[in-house]
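Take a look at the chain below. The paragraphs after it lead from single residues to the whole fold and back again.

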Amino acid sequence: MATSTSTRPALDAADVPLTRPSLPRWAVPAVLLGAVAVAAAVLAPTVGLGWVALPVLTVVLFAVGVYAWSRAVEGSRRATDRLVTTIVTSAFLVALVPLVALVWTVLSRGAARFDTELFTSDMRGVLGSGGGVQHAIVGTLLITLAATVISVPIGLMTAIYLVEYGRGKLAKAITFFVDVMTGIPSIVAGLFAYALFVIFFGPGVRLGIAGAVSLSVLMVPVVIRSSEEMLKLVPNELREASYALGVPKWRTITKVVIPTAVAGIATGVTIAIARVIGETAPLLLVAGFTSTTNWSLFEGRMTTLPVFAYSQYVSPGLPPEAGYNRAWAAALVLILIVMALNVVARLIARFFAPQTGR
């Protein structure tokens, strides 16, 4: 029986290109400059919206130009990749615009009162210019610290239960209520804290610890959700190796699981703190406002930086520019505190993360 042989000609090595043509390095900058020039020429007669339309038209022209040139030289696959890269980069820059604008606005307006007096004095007896935010800084740090002390143990232990022990209807119910609590308005947390403290102290109660309790209601679901996701990322092989050595479950959790996930847990706690440190409505309701420095969470009213900025903008006094400057300075201090918390979280994650090298 004769066997059939293939009639396909053999491919020569010269017929299979090892490389494909690509755009020169100067192509992308050249297309970008050309897009800017064309967009500026088209929008030159336009008055008013040029600063908005110019970048939009530039991006459109740049995407079309790069795609067309790349498709002609490199093929459709590489052209599509360049188009998607342009879209993603443009989306990132669009998302960056409000952040940069916000930081620049706060820096430019808050720098007018960023002096020593701002940090060393409060508003006792100040009616016009002068004064500081010492009392608001103290109130912010104390209330946020107390809320963190309340929230982190509750949130972390709940996350451990859901990941390591939770099975059945109870775990599902806890997960459901955590999801519900994540979206509650902040004023509801303030009303809850006010109703709770009215039972013990009577109507009209205003205490720093009440503000901490209201913030903890907002912090707990964020800590639970972030810690739960970090604990789920710990490989089961680590748990099984610990169990194989005869280590009990509680010790495996404290010595293996939590140290492995501590970097992500610290980041989640920082996100939760940043979520509540700028709250105003619940603190206005349960912590109140005062112009003097209060170092006790359990005695009298306590002011935080968001409440101080709000009060200064609503009632700036005479001249009003002094109150506005204090409000912007308080906002700048609040941003710096959040940035410092992020730095601390990164340091904690670096120092306490498990060592992978020898």
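**A walk through the chain**

Start with Ser-226, which sits in helix α8, a helix covering residues 208-232. The model is a predicted one. A polar atom in the side chain of Ser-226 lies 3.2 Å from the backbone oxygen of Val-223. Now look further off, to Thr-85. Ser-226 and Thr-85 are 141 residues apart in sequence. In space, their C-alpha atoms are 30 Å apart.

Step back to the whole chain. How many helices and strands does the protein chain have? There are 13 helices and zero strands. Read from the N terminus, the elements run α-α-α-α-α-α-α-α-α-α-α-α-α. The protein chain is more spread out than a compact globule, because its radius of gyration is 29 Å, well over the 21 Å that the globule rule gives for 358 residues. The C-alpha trace spans about 100 × 75 × 40 Å along its principal axes.

Next come surface and interior. Of the 358 residues, 37% count as buried. The protein chain exposes about 21300 Å². Carbon and sulfur atoms supply 70% of that area. Charges can be placed too. The chain has 26 positive and 16 negative charges. The mean positions of these two sets are 3 Å apart.

How do distant parts of the sequence meet? Take the contacts between residues at least 6 apart in sequence. Of these, 70% join residues at least 24 apart.

One place to see such contacts is around His-135. This residue is found in helix α5, which covers residues 134-165. Is His-135 buried or exposed? His-135 counts as buried because its relative accessible area is 2%, under the 20% cut-off. Its neighbours within four places in sequence are left aside here. Beyond them, His-135 is in contact with Asp-122 and Met-123. His-135 also touches Thr-290, Ser-291, Thr-292 and Thr-293. Thr-303 and Phe-308 complete the list for His-135.

Follow one of those contacts to Thr-290. Where is Thr-290 found? Thr-290 is in the loop between α11 (281-286) and α12 (305-314). Thr-290 is buried as well, because its relative accessible area is 16%, again under 20%. The side chain of Thr-290 makes a polar contact with the side chain of Thr-292, at 3.3 Å. Not counting residues up to four places away in sequence, Thr-290 touches His-135, Arg-301, Met-302 and Thr-303. Thr-303 thus appears among the contacts of Thr-290 and among those of His-135.

Return to helix α5 for another residue. Leu-145 lies in this helix. Leu-145 counts as exposed because its relative accessibility is 52%, over the 50% cut-off. Leu-145 and Ile-265 are 120 residues apart in sequence. From C-alpha to C-alpha, Leu-145 and Ile-265 are 17 Å apart.

Finish in helix α2, which covers residues 50-73 and holds Val-64. Val-64 is exposed because its relative accessible area is 53%, over 50%. Its partner for a last look is Ala-195. Val-64 and Ala-195 are 131 residues apart in sequence. In space, the C-alpha atoms of Val-64 and Ala-195 are 60 Å apart.

Terms used:
Residues numbered from 1 in each chain as written. Predicted model: local features only at pLDDT ≥ 70, side-chain atom pairs only at ≥ 80, totals over all residues. Heavy atoms only, no water. Helix = DSSP H or I, 4+ residues; strand = E, 2+ residues; numbered from the N terminus. Buried < 20%, exposed > 50% of the residue type's maximum accessible area, 1.4 Å probe, protein only. Polar contact = N/O pair within 3.5 Å; in protein donor to acceptor, adjacent residues only side chain to side chain. Contact = heavy atoms within 4.5 Å. Rg over C-alpha atoms; globule rule 2.2 N^0.38 Å. Areas by Shrake-Rupley, 256 points an atom, 1.4 Å probe, with all protein chains shown as cover. Lys, Arg positive; Asp, Glu negative; His and termini not counted. Charge placed at Lys NZ, Arg CZ, Asp CG, Glu CD.
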